[in-house]
Amino acid sequence: MKLKDSPAAKIGASIAVATGLYGVSFGALSAASGLSFWQTMVLSLMLFSGGSQFAFIGVVAAGGTGVAAMSASALLGIRNGVYGMQLNALIRPTGWRRFAAAHVTIDESTATATGQSDPDEQKRGFWVAGVGVFVLWNIMTAVGAMIGDALGDPKQWGLDGAAVAAFLGLLWPRIKAFQPAAIAAVCAVVTLLAVPLVPPGVPILVAALVAGLIGWFRRDSAPDHAPGHISDGLEPDIEPYTQSVYKHDHSAHKHDAGTREVEKS
């Protein structure tokens, strides 16, 4: 399948555009926090994790030390390590691609990849989203750092909602049953309660911990067809191939299986 015809690639590209545009906000805020253009770019290119980047400049802007800024950034970066363990088994990169995959393992690339049921589509979605966000995010970071104060408050452009809207677009179709809807509601309430009590960026980690605990205590009640959780509301939200292609491949598979049985007999 050509990349332009891949549903996962299309989703990854749309997510990359929506998220990449928000990089202009980071660039502008980083410049306003006192970082130079090149400091901003090195931070964006090497760290490349939106939440961690914003946490870093937030601490710096508040007068915190470099150690405090790195600690806050590292706390939010833990989730990428968790993503990496799953995606290493899912994508199975080899050679130099392992290092590239590790660098572009972010929220968007992870969500796009895990939203597919076909292994090839998982890889296409991951790479298109990950590389796409990396390129556009850093281009827009450079733009934001150069124009600085001329941009004004990035919120007036609506860019603060772009990444959120993209994530909701990925999440919403997957909430097809009571269980995932209930978990999402509980995590939303936990996040709202945690916002005034903990530093910025931490509420989402608290919500993730709650979701993980719910999954842990419900692990014994998983359906017999797990893994995959088919029909429990957490399955991939798209069919990676058209129905006709799927039927053709399925028929071919049955034919090959029948041929092997004849040969054995």
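Leaving aside its neighbours within four places in sequence, which residues is V133 in contact with? In this predicted model, the partners of V133 are I15, A16, T19, F48, I106, E108, V128 and N138. That makes V133 a handy place to start a walk through the structure.

From there, let's turn to the nonpolar core. The largest one has 19 residues, and V133 is among those with the most contacts inside it, along with L43, F48, I57, F126 and W137. Two or more residues of this core come from each of α4 (50–61), α5 (66–91) and α8 (119–147). As background, nonpolar side chains tend to be buried together in soluble globular proteins.

Now follow α8 out to the surface. Here V17, L21, V131, V135, L136 and I139 make a nonpolar patch of about 440 Å². Helices α1 (7–21) and α8 are the elements that give two or more residues to this patch, and α8 gives the most, with four residues. On the α1 side, take a look at L21, which is found in that helix. With a relative accessible area of 38%, L21 counts as partly exposed because its value lies between the 20% and 50% cut-offs.

Finally, let's go back to α8 for a charged residue. E121 is found in this helix, and its relative accessibility is 0%, so E121 counts as buried. What does the side chain of E121 make a polar contact with? The partner is the side chain of R124, at 2.5 Å.

Definitions and conventions
Residues are numbered from 1 along each chain as its sequence is written. This is a predicted model: local features need pLDDT of at least 70, side-chain atom pairs count only at pLDDT 80 or more; totals for chains, interfaces and linings use all residues. Side-chain values use heavy atoms; hydrogens and water are left out. A nonpolar core is a set of buried Ala, Val, Leu, Ile, Met, Phe, Trp, Tyr and Cys residues joined through side-chain atoms within 4.5 Å. Buried means under 20% relative accessible area, exposed over 50%, partly exposed in between (1.4 Å probe, protein chains only). Contact means heavy atoms within 4.5 Å. Patches are made of residues with over 30% relative accessible area and no salt bridge: like charges are joined within 9 Å, nonpolar side chains (Val, Leu, Ile, Met, Phe, Trp, Tyr) within 5 Å. Accessible areas come from the Shrake-Rupley method with a 1.4 Å probe; for residues, only the protein chains shown count as cover. A salt bridge is a side-chain nitrogen of Lys or Arg within 4 Å of a carboxyl oxygen of Asp or Glu. A polar contact is a pair of N or O atoms within 3.5 Å; within protein, one must be able to donate a hydrogen and the other to accept it, and residues adjacent in sequence count only if both atoms are side-chain atoms.
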